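Student: I should like to learn how to read a protein model step by step. May we begin with the strands and then go on to rings, empty spaces and disulfides?

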Amino acid sequence: MQLPKTSGLVAWLLPAPEQSLLFKKFISTLSEQYETLSFVPHVTLSSVPDISSEKITEMTDQLSKQLNQLQVNLGDVECRPHPYRKVILPVDDKLMLSAFCSKVNQALGGEFCKEGDFHLSLLYGNQKCEEIDLRKIRRDLPKVKKLHIQKIAVVDLNFTPDKWKIIFERSL
């Protein structure tokens, strides 16, 4: 499968281990079914400035102490027309994540946080939405109404989703 390569560093919010395992299995199953690449379940929070890894680690440590674990509501499965974020679960608690963003932007010294469209991706691929069985995905999806966010991670996006690498993560 050919997907566009990515680059740069980003901050992800990671689900609690039990939810992470549930979604990882589901993402792997979808990846096999649609012949796509598997990836770690996450909610992308922001880009990260191009600064030393020591400084990024220090900033993320500070952030992890300022942010609390939270539970966010998940919306209904959606299909998107672009390759990355093909099938997603939207995060409905935009106010909670906006509060996180203010702290992230303050810690990173600029406007790095996403302004919206927070979501948990389930499938990255080149398929058209008409080729994806959303009814089956909804039926088989883990029955999780609230996502328990427990960690923040800095991720190196160099290459494709199966090669993305968590550089470090911190508990909230």
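Student: Which residue of strand 2 does Ala-11 stand opposite?

Tutor: Ala-11 stands opposite Ser-46 in strand 2. Before we go on, please note that this is a predicted model, in which local features need pLDDT of at least 70 and side-chain atom pairs count only at pLDDT 80 or more, while totals for chains, interfaces and linings use all residues. Residues are numbered from 1 along each chain as its sequence is written, and side-chain values use heavy atoms, with hydrogens and water left out. Helices (H or I, at least four residues) and strands (E, at least two) are DSSP runs, numbered from the N terminus.

Student: How many bridges join strand 1 to strand 7, and in which sense do the two run?

Tutor: Two strands pair if DSSP finds at least two bridges between them. Strand 1 and strand 7 (residues 146–156) run antiparallel and are joined by 7 bridges. Within this pairing, Pro-15 stands opposite Ile-149 of strand 7. Strand 1 also pairs with strand 2 (residues 43–47), over 4 bridges and again in the antiparallel sense.

Student: Why is strand 1 described as largely enclosed by the rest of the structure?

Tutor: In general, side chains alternate between the two faces of the sheet in a regular strand. Accessibility is a separate matter: buried means under 20% relative accessible area, exposed over 50%, and partly exposed in between (1.4 Å probe, protein chains only). Strand 1 covers residues 9–15, and 6 of its 7 residues are buried, so the strand is largely enclosed by the rest of the structure.

Student: How many aromatic pairs are there?

Tutor: A pair of aromatic rings is described by the distance of the centres and the angle of the planes. Rings of Phe, Tyr and Trp (its six-membered ring) pair if their centres lie within 6.5 Å; planes under 30 degrees apart count as stacked, over 60 as edge-to-face and the rest as tilted. The count by this rule is 3 aromatic pairs. One of them is formed by Trp-12 and Trp-164, which are edge-to-face at 6.0 Å centre to centre, with 65° between the planes. This pair links distant parts of the chain, 152 residues apart: Trp-12 is in strand 1, and Trp-164 is in the loop between strand 7 and strand 8 (165–171).

Student: Are Trp-12 and Trp-164 buried or exposed?

Tutor: Trp-12 has 2% relative accessibility and therefore counts as buried. Trp-164, at 15%, counts as buried too. The ring of Trp-164 also pairs with that of Tyr-124: the centres are 5.5 Å apart and the planes at 65°, so this pair is edge-to-face. Tyr-124 lies in the loop between strand 6 (119–123) and helix 4 (134–140), so the pair ties together parts that are 40 residues apart in sequence. Trp-12, Phe-39, Tyr-124 and Trp-164 form one aromatic cluster.

Student: How many cavities of 30 Å³ or more does a search of the whole structure find?

Tutor: Rolling a probe the size of a water molecule over the atoms shows where empty space is left. On a 1 Å grid over the protein atoms alone, a cavity is a set of points where a 1.4 Å probe fits but cannot get out; lining residues have an atom within 4 Å of a point. Grid points are joined across faces, edges and corners, and a volume is the space filled by probe spheres set on the points. The search finds 2 cavities of 30 Å³ or more. The largest cavity holds about 50 Å³ of space, and its lining includes Ala-11, Ile-56 and Ile-152. Helix 2 (53–66) and strand 7 each supply at least two residues of that lining. The second largest cavity holds about 40 Å³, and helix 1 gives the largest share of its lining, 4 residues.

Student: Which cysteines form disulfides?

Tutor: A disulfide is a pair of cysteine sulfur atoms within 2.5 Å. The structure holds 2 disulfides. One joins Cys-79 to Cys-129, with an S to S distance of 2.2 Å; the torsion about its S-S bond is about -95°, so this disulfide is left-handed. In the other, the sulfur atoms of Cys-101 and Cys-113 are 2.0 Å apart, and both of these residues are buried.

Technical notes:
On a 1 Å grid over the protein atoms alone, a cavity is a set of points where a 1.4 Å probe fits but cannot get out, and a pocket is an open set with protein on both sides within 12 Å along at least five of seven lines; lining residues have an atom within 4 Å of a point.
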